[in-house]
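Q: I'm new to this one and would like to learn how to read it. Could you walk me through it, feature by feature?

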Amino acid sequence: MAVPQAFPSGPLHEPAGARMEPQPSPRSLAEGFLEEELRLNDELKQLQFSEPVGIIYNPVEYAWEPHRSYVTRYCQGPKEVLFVGMNPGPFGMAQTGVPFGEVNVVRDWLGVGGPVLSPPQEHPKRPVLGLECPQSEVSGARFWGFFRNLCGQPEVFFRHCFVHNLCPLLLLAPSGRNLTPAELPAKQREQLLGVCDAALCRQVQLLGVRLVVGGGRLAEQPLNIARQRDSEGKGPNESVSAVLEERRRGRNSWSRESKGASEPWV
């Protein structure tokens, strides 16, 4: 009669000498968001631009360190609201790597820093000075200034909100003048926004966003792609146009509209 063999109680262990394969750690939300941005960068490199575009800056590349710091610090969990600008401004994200990234706000309120390199091709009228840039981006100062007054601490704002740009490229004419995607020839504009639209849809799904607030009229239509979440059964999503530029509306109007859109989440 065979004698029953006793086994030790508790969790089983690998046999001696067996090699255990390391288990991959779960990808964080911030890492996933950064991966989507790098994927978009690769797709944008396949596009061809001609006149009126002379030089292109991509601060997600040359200002990668502060940009990564911003995403890693403030994109740690799902977001209810995503504020989306069109593309970097020459004195904002082009200098700091942060959307609407007015230098003083980025450094003193958001607490984001890091080395900013020079773009591969730099226009003499649009030097990249990083956090040493002496000029202020008006729209960025107003945008972040409003939420600083409303929330006090950035962690309060980012608890349910995040800020992003639809397109990471700063487009410059040969003269150094800032170009918006709306000023591109139709074919170039459609190719650019088509790639950025698809990336935005993936980012909205990744963050679980329910409300997308876009700046400017051109941003409004591309943001509608985020509504694909409805047809895919991923929950409701709305597109709301919020005006970020002082030249389009008065200062008080921006504050009233933004406050009405954001108060339920902040």
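A: Happy to. Let's begin with contacts along the chain: among those between residues at least 6 apart in sequence, 80% join residues at least 24 apart. Keep in mind that this is a predicted model.

Q: How many helices and strands does the protein have?
A: There are 11 helices and 7 strands. As for burial, 47% of the 266 residues are buried.

Q: What can I learn from a nonpolar core, and which residues touch the most other members in the largest one?
A: The idea is to look for buried nonpolar residues joined through side-chain atoms within 4.5 Å. Here the largest nonpolar core has 56 residues, and Tyr70, Phe83, Leu110, Trp144, Phe157, Phe162 and Leu192 touch the most other members. Helix α8 (residues 186-207) gives this core its largest share, 8 residues. There is also a second, separate core of 8 residues, with Tyr57, Tyr62, Ala63 and Leu172 among them.

Q: How do I read aromatic pairs, and how many are there in the whole structure?
A: You check how far apart the ring centres are and how the planes are angled; planes under 30 degrees apart count as stacked, over 60 as edge-to-face and the rest as tilted. A search of the whole structure turns up 19 aromatic pairs. Take Tyr70 and Tyr74: their ring centres are 6.2 Å apart and their planes sit at 55°, so this pair is tilted. Both belong to helix α3 (residues 64-74), where they are 4 residues apart, about one turn of the helix. Both are buried, too.

Q: And what kind of pair do Phe143 and Trp144 form?
A: That one is edge-to-face, with 5.1 Å from centre to centre and 90° between the planes. Phe143 has a relative accessible area of 1%, so it counts as buried. Trp144 is buried as well, at 0%.

Q: Let's go back to helix α3. Is His67 there buried or exposed?
A: The cut-off to remember is that buried means under 20% relative accessible area. His67 is found in helix α3, and its relative accessibility is 1%, so His67 counts as buried. Leaving out residues up to four places away in sequence, His67 touches Leu34, Glu37, Val60, Met93 and Gly97.

Q: How does one find a pocket, and how much space lies in the second largest one?
A: Rolling a probe the size of a water molecule over the atoms shows where empty space is left. In this model, the second largest pocket holds about 330 Å³ of space. It is lined by 16 residues, and the closest to its centre are Ile56, Tyr57, Asn58, Glu61 and Leu169.

Q: Which elements supply the lining of that second largest pocket?
A: At least two residues each come from α1 (29-44), β1 (55-57) and α2 (59-62). The largest share, 3 residues, is from β1. Sorted by class, the lining has 10 nonpolar, 4 polar and 2 charged residues.

Q: What about the backbone: where is there a cis peptide bond?
A: Look at the bond joining Glu51 and Pro52, which is cis, with omega about 15°. Pro52 lies in the loop between α1 and β1.

Q: Which residue other than glycine has a positive phi?
A: One to look at is Phe100, with phi near 55°. You'll find Phe100 in the loop between α4 (93-96) and α5 (103-109). Its relative accessible area is 9%, so Phe100 is buried.

Notes: Residues are numbered from 1 along each chain as its sequence is written. This is a predicted model: local features need pLDDT of at least 70, side-chain atom pairs count only at pLDDT 80 or more; totals for chains, interfaces and linings use all residues. Side-chain values use heavy atoms; hydrogens and water are left out. Rings of Phe, Tyr and Trp (its six-membered ring) pair if their centres lie within 6.5 Å; planes under 30 degrees apart count as stacked, over 60 as edge-to-face and the rest as tilted. Buried means under 20% relative accessible area, exposed over 50%, partly exposed in between (1.4 Å probe, protein chains only). On a 1 Å grid over the protein atoms alone, a cavity is a set of points where a 1.4 Å probe fits but cannot get out, and a pocket is an open set with protein on both sides within 12 Å along at least five of seven lines; lining residues have an atom within 4 Å of a point. Grid points are joined across faces, edges and corners, and a volume is the space filled by probe spheres set on the points. Ala, Val, Leu, Ile, Met, Phe, Trp, Tyr, Cys and Pro count as nonpolar, Asp, Glu, Lys and Arg as charged, and the others, Gly among them, as polar. Contact means heavy atoms within 4.5 Å.
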